[in-house]
Structures are given as C-alpha cells and as structure tokens.
Amino acid sequence: MEKESKLFQRIKEEIDRIPVIDLHTHLKLDLPNAKNLAEILFYHLAGFEIVSAGGEVRDELPNFSSPVVPMDNSIAEKALSKYIPYLEFIKNTSTYYSLNRIFNDLYQFDFQNINSSNWRSLYDKVRKTGNDDTWTKEVLLEKAKIESSITGLWWWVKKEPKGKWSETRLILPNLEMTFWGIISDMKEDILSGKSLDESVSRFMEKYLSEGISSFIFCDFPFVGFSYQEIFNQGGVEELAKKYLSGKTLSEDENKKLFYALLKKTLEICNDKGIPWIMSVGTEGLFPKTVQSVKLLPSGIKISHDIFPEMAQVFYHYPKIKFLVMLTSFTLSQDLCVIAKQFPNVYPLAFQWHGFYPAFIEQMMEQRLDILPYNRPIGFISDAYCVEWSYGKLSLVKRVLTRVLTQRIEEGVYSEALALKIARRWLYDNPKEIYFGKE
C-alpha cells in the first residue's frame, strides 16, 4: 500500500507539471474572474445541490441556471446568508471537492469549516481578485497551467468577440449558437432577397473575420436526426422569410429549414477545416414557473441511433474535426466505436451530467482500451470563471492519476507511457486540433 501511495504521488506530481488546453469554457473575454464569492459558490452544479439539500429558491435570490450573468453584490450577500448552512449536506459530493480545492488552494481558506460567521472574510478575498488581471494569469497559468481556454460566445451576446487576452491566446473565442440564432442574425440579408446559401456564407465570414476559430451549434445533433433530410430543402428561402416575419412554422417546416442551414454550415466548415464542437445527451426541460426558471433543469435524453446517423455526417465532411462532448455515460461505448473508425471524430472530455468521477473513470478506461492515445481530449472545464477552471481540472487530474497509476501497478503501462498519454490528452491533442502542429 505504501508503494502504491508513493507511485500515485509521483504520477500526480508529474501530471501537475503538464500544461493544459481547455477547449470548452464560458469565460468572459475581458473579465474572466468571479466578481464575488456567490459567483463561485452558486455555479449551477453547486447551486442545484444546495437546492436539492433543501435551500429554497426565491425570486430575490440568484438565478442558479445563468452563471453567465454577473451577480449583484447585494444579491450575493443575501444568498450567502441564506444558503451557507446547506453546504454541510453536500460535503460528500464531487462538486464540493472542487469547491474545497478552489478555496483552500487559491484563497488559503479552510472551506470545510465555512459557516455563517466567517464567510465574509472569504467574500472580501474574492471581491479583491474580481477585477485583477494578475489573478487571471496566476490562476490559469501558474496554478492550473492552462495555457489556452476556448470560450463560447452565445448568439445573444452582441459584442465584438475579441478581448484583451486574445493576443496572448490565454482566452480565445468560438461561436456558440442555435440555428435559430443564425437565422435571426441573418435577418437583414434574407429579407433583402439574398439566398439562404449566400446569407449563411456572409454570416460565417463575418465571425471568422472577427477571430472565431471553431463553432458549437447547440441544437445539433438531436434525437431523431436523419442525414437524408439534409438533401430535402426546396423552398427554404420562403420558410426563412416566414419565420423572420414572426409566423409560426409547422414541425415539418422547422425541420426543412434546420436541415438546409445545417447542410450549408457543414459545407463551409468542411471547406475551411473548422472544428465543430457538439454536445450529446442533454435535454432542457424548460419549465414555466418562476421558481423553476431560476433552475432551468435538464435531463438526459439519448438514442443509440444518434451515432449511426451521425456517421454519415462524419464520412461526408472528413475535413471537419468533430469534437464530441457526452453528458451521458450511456453513450460512451457508442462514441468510442465511432471515433475508432472515423479519424475526424474526437471524444471531448466529460460534460455536465457526466462530470462526476464515477462516470469519468469509466469513460477514461474505455478510451484507453479502444482508441489511439492521440485521439481523446482529456479535459474541458465548461467554467464561467477561472476559479472553476482550476476546481474542475483538479478533479479530472485526480481521476486520471488514479486510472493511470492502477494500470502501471498492473504492469499494463510503464510510467513513461502513462505520462506520455496524460500529456497527449491534456495538452498535445487539443493543441494540434485547435492550433495545428507548431
């Protein structure tokens, strides 16, 4: 046991030295730090657990589902006073593990003993680092060793997608949109008589010229997707005008317009070799009550038909690097089988409902057994502030260290091979995909 412990520690120390590239975040380009304690503590994964433990959601308290919106300090203080006692009940969770690492490692605060009397000292520390550029670099570059973070810009964020970190490649933008967001963005072109193909081309060129280097389309793929429908697109210009005029489209009309947009964007991304990030397995529940809208719960919705249908897309657009995030462990084998046969498909770490050690470990094991080690991407944070980039990376590194250590102990891998795999997953693979071989 002592020998195993020393091996684990040695592998952990080596993995901690490896630089990291994070291909999926929601960091704000100019202000990526948390502005107050509540923005860290009520990141939606933790917020849901606090509510699950009994914390009542109230109108005047934070919207747990929207960490992209900065939290007002007065709301933050009310929320902290109300919800701090419920932290006791989530001490067993992996989300709490990440919180513990954030506050102990970054702020030197004994988070295990946070209470209603001492949280204000931590609150003051976080407010102090909120607008400090040196803190951004300290957390990302020194503590986490994250050299680049790719951040998704939602279509409703109407701002120039370049920030002060873009020149150093510390935080770089990609475009995260729904297809209906694309239609809305192209409204002027379409209503002026331009074809849908021309409008999509102009839309893509616009964002590419502003620094966007990859795309996430939030509503693709989906359960029920059919590749053959891509070619059934007659009359789509009129459907686009109908949609933009505020008229309701039928289900068939919606699908026809969606597939037409999909076909053209795939063609452009294939021509230019643009990476395409997709998330598979999550379904928003979108309830109507005020209380539940503050949570915006989601569930897992899957079909094992998704990847056989997607294989047609992977085959016909071979120059696109498809980076696939799974929110459901259930589809892990399906993704590995497809990725093994299509060299332009890359398993992209672990997301949302799959971001727990119990699932991460099994997915790592499958990818190690099935895929060449220059294929998987070992980490994405999905973080909205740099503090959570650090917290989530700490959790993934812990699991990766455990998985690789066990294989060394069993004589399956040498230490040198294990560390080579760790570097490929955390750094070399994402770097080659996003930046090429330099």
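**A guided tour of the predicted chain**

Select Cys269 to begin: with a relative accessible area of 0%, this residue is buried (under 20% relative accessible area, where exposed is over 50% and partly exposed lies in between, using a 1.4 Å probe and protein chains only). Move next to Cys336, which is likewise buried at 0% relative accessibility. The whole structure contains 0 disulfides, a disulfide being a pair of cysteine sulfur atoms within 2.5 Å.

This is a predicted model, in which local features need pLDDT of at least 70 and side-chain atom pairs count only at pLDDT 80 or more, while totals for chains, interfaces and linings use all residues. Residues are numbered from 1 along each chain as its sequence is written, and side-chain values use heavy atoms, without hydrogens and water.

**The whole chain**

Display the full chain as a cartoon: 18 helices and 9 strands appear, taken as DSSP runs (helices H or I, at least four residues; strands E, at least two) numbered from the N terminus. Of the 438 residues, 53% are buried. Among contacts (heavy atoms within 4.5 Å) between residues at least 6 apart in sequence, 77% join residues at least 24 apart.

**Helix H3**

Select residues 44-52, helix H3; because 7 of its 9 residues are buried, the helix is largely enclosed by the rest of the structure. The buried residues of H3 are His44, Leu45, Ala46, Gly47, Glu49, Ile50 and Val51. To see their cover, add helix H2 (37-41), helix H4 (73-83), helix H5 (94-107) and H17, which are included in it. Just after H3, Gly54 has a positive phi of about 125°.

**Helices H17 and H18**

Now select H17 (residues 386-409) together with H18 (residues 415-435): their axes come within 9 Å and cross at roughly 155°. H17 is therefore roughly antiparallel to H18, a label for angles over 145 degrees (under 35 is roughly parallel, 65 to 115 roughly perpendicular, the rest oblique). The axes are lines fitted to C-alpha atoms, for helices over the stretch in contact, with angles from 0 to 180 degrees between N-to-C directions.

Show side chains at this pairing: Leu400, Leu404 and Ile408 in H17 meet Glu415, Ala418, Ala422, Trp425 and Leu426 in H18.

**Asp428**

Finish in helix H18 at Asp428. Is this residue buried or exposed? Asp428 is buried, with a relative accessible area of 18%. Add Ile377, 51 residues away along the chain; the C-alpha atoms of Asp428 and Ile377 are separated by 9.0 Å.
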